[in-house]
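Got your viewer open and ready? Let's take a walk through this protein, one selection at a time.

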Amino acid sequence: MVNRIAQVQERMQAALRRAQREDEVTLVAVSKVFPAETIAEAYSCGVCHFGENRVQEFEGKRPALNLPGATFHLIGHLQSNKARKAVELFDRIDSVDSPSLAQRLGKIAEEAGRELPVLLQVHVGEERTKGGVLPAEAGATVRRMADVKGIRVEGLMAIPPYREDPEQARPFFRQLRELAEEIDRTGIPGVSMGTLSMGMTHDFEIAIEEGATEIRVGTAIFGERPPLGKARGRAGGRA
Ligand SMILES: *Cc1c(COP(=O)(O)O)cnc(C)c1O
């Protein structure tokens, strides 16, 4: 695994150089379907951000994980009846896809005396199955979320449609970046779109070239997911 991680990091660096970017990109290792031991192994290789897409699955693994400084991201659709569990288990919810979910998370986090970092998931591309608010609604949604106590909106997340040629995902990544810039320009008090979570194994280099600050990589780190995981844990799967 240490070699796979090093390879991903080299590819990240190369993409940053191509884009003449001098900032850094956070690697979120998508550990869905893999057991706690595999997460601990990645941590021992220096990875400290992990993405999981199902609340229940992560609930089972969480007790076995004692990884100081590790950050756990929920990256799959969250049903509101699992919001409370999700707030308990995760450090950031990257897949907030409606104002009502934001309200609910805010209420729960506030009761717990927390300020929960979240990303707004935006639906880029035309596939109807992927979650997120429409690009045209994103600005207004962020503005509403800025008023919700208990959460802090840190940026945007997207899962563009799969394209055989990752180059074809470029316009979607660019769209998300431009959307974030536009929202920042409107100047919503207390909000900065500093985080752009976009790009997966197949297309993360293009995403970095287009301004991703975080990429979510599963397969390139952990290998192909087992068949059960393919069925249940695919991109955008239910949490
Ligand atoms: C599974 C998943 C990933 C990682 O996908 P890979 O192709 O294995 O890198 C990234 N983001 C989300 C939302 C996912 O569900």
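Before we start, one term: two residues are in contact, or touch, when heavy atoms of theirs lie within 4.5 Å. Also keep in mind that this is a predicted model.

**Stop 1: Leu156 and the core**

Select Leu156. Which residues does Leu156 touch, not counting those up to four places away in sequence? Light up Leu119, Leu120, Val122 and Val142, then Leu176, Leu179, Ala180 and Ile183, and finally Met193, Thr195, Leu196 and Ser197.

Now zoom out to the largest nonpolar core, which has 70 residues. Leu156 is among those with the most contacts inside this core, together with Ile93 and Leu105. Helix α7, residues 170-186, supplies the largest share of the core, six residues. There's also a second, separate core of five residues, and you can find it by selecting Val30, Ile75, Met157 and Ile159, which are among its members. As a rule, nonpolar side chains in soluble globular proteins tend to be buried together.

**Stop 2: Ser197**

Next, click on Ser197, which sits in strand β7, residues 195-197. Is Ser197 buried or exposed? Ser197 is buried, because its relative accessible area is 0%. Leave aside its neighbours within four places in sequence, and Ser197 is in contact with Leu119, Leu156, Met157, Ala158, Leu176, Glu214 and Arg216.

**Stop 3: helix α7**

Select residues 170-186 to bring up α7. Try putting a ruler on it: the end C-alpha atoms are 25 Å apart, and this agrees with the 24 Å that its 17 residues should span at 1.5 Å a residue. Colour Arg170, Phe172, Phe173, Leu176, Leu179, Ala180 and Ile183, since these are the buried residues of α7. What covers them? The cover includes α6, β6, β7 and α8 (204-209). Just after the helix comes Gly187, with a positive phi near 65°.

**Stop 4: Pro166**

Step back to Pro166, in the loop between β6 and α7. Pro166 has a relative accessible area of 22%, so it counts as partly exposed. Look for Glu205 as well: although 39 residues separate Pro166 and Glu205 along the chain, their C-alpha atoms are 8.9 Å apart. Beyond residues up to four places away in sequence, Pro166 touches His202, Asp203 and Ile206.

**Stop 5: helix α5**

Select residues 99-111 for helix α5. This helix has 13 residues and reaches 18 Å from its first C-alpha to its last, close to the expected 18 Å. Which of its residues are buried? They are Leu101, Ala102, Leu105, Gly106, Ile108 and Ala109. Among the elements covering them are α4 (83-89), β4 (92-96), β5 (116-121), α6 (135-146) and β6 (151-157). Gly113 follows α5 and has a positive phi, near 70°.

**Stop 6: a pocket**

For the last stop, switch on the surface. Rolling a probe the size of a water molecule over the atoms shows where empty space is left. The second largest pocket holds about 180 Å³ of space. To see its lining, select Gln9, Met12, Gln13, Glu24, Val25, Thr26, Leu27, Gly46, Val47, Cys48 and His49. Two elements, α1 (2-18) and β1 (26-30), give two or more residues to that lining, and α1 gives the most, with three. Colour the lining by type and you'll get five nonpolar residues, five polar and one charged.

Terms used. Residues numbered from 1 in each chain as written. Predicted model: local features only at pLDDT ≥ 70, side-chain atom pairs only at ≥ 80, totals over all residues. Heavy atoms only, no water. 1 Å grid on protein atoms, 1.4 Å probe; cavity = no way out; pocket = protein on both sides within 12 Å on 5 of 7 lines; lining within 4 Å. Points joined across faces, edges and corners; volume = space filled by probe spheres on them. Helix = DSSP H or I, 4+ residues; strand = E, 2+ residues; numbered from the N terminus. Nonpolar A, V, L, I, M, F, W, Y, C, P; charged D, E, K, R; others polar. Buried < 20%, exposed > 50% of the residue type's maximum accessible area, 1.4 Å probe, protein only. Expected span 1.5 Å × (residues − 1). Core = buried A, V, L, I, M, F, W, Y, C linked by side-chain atoms within 4.5 Å.
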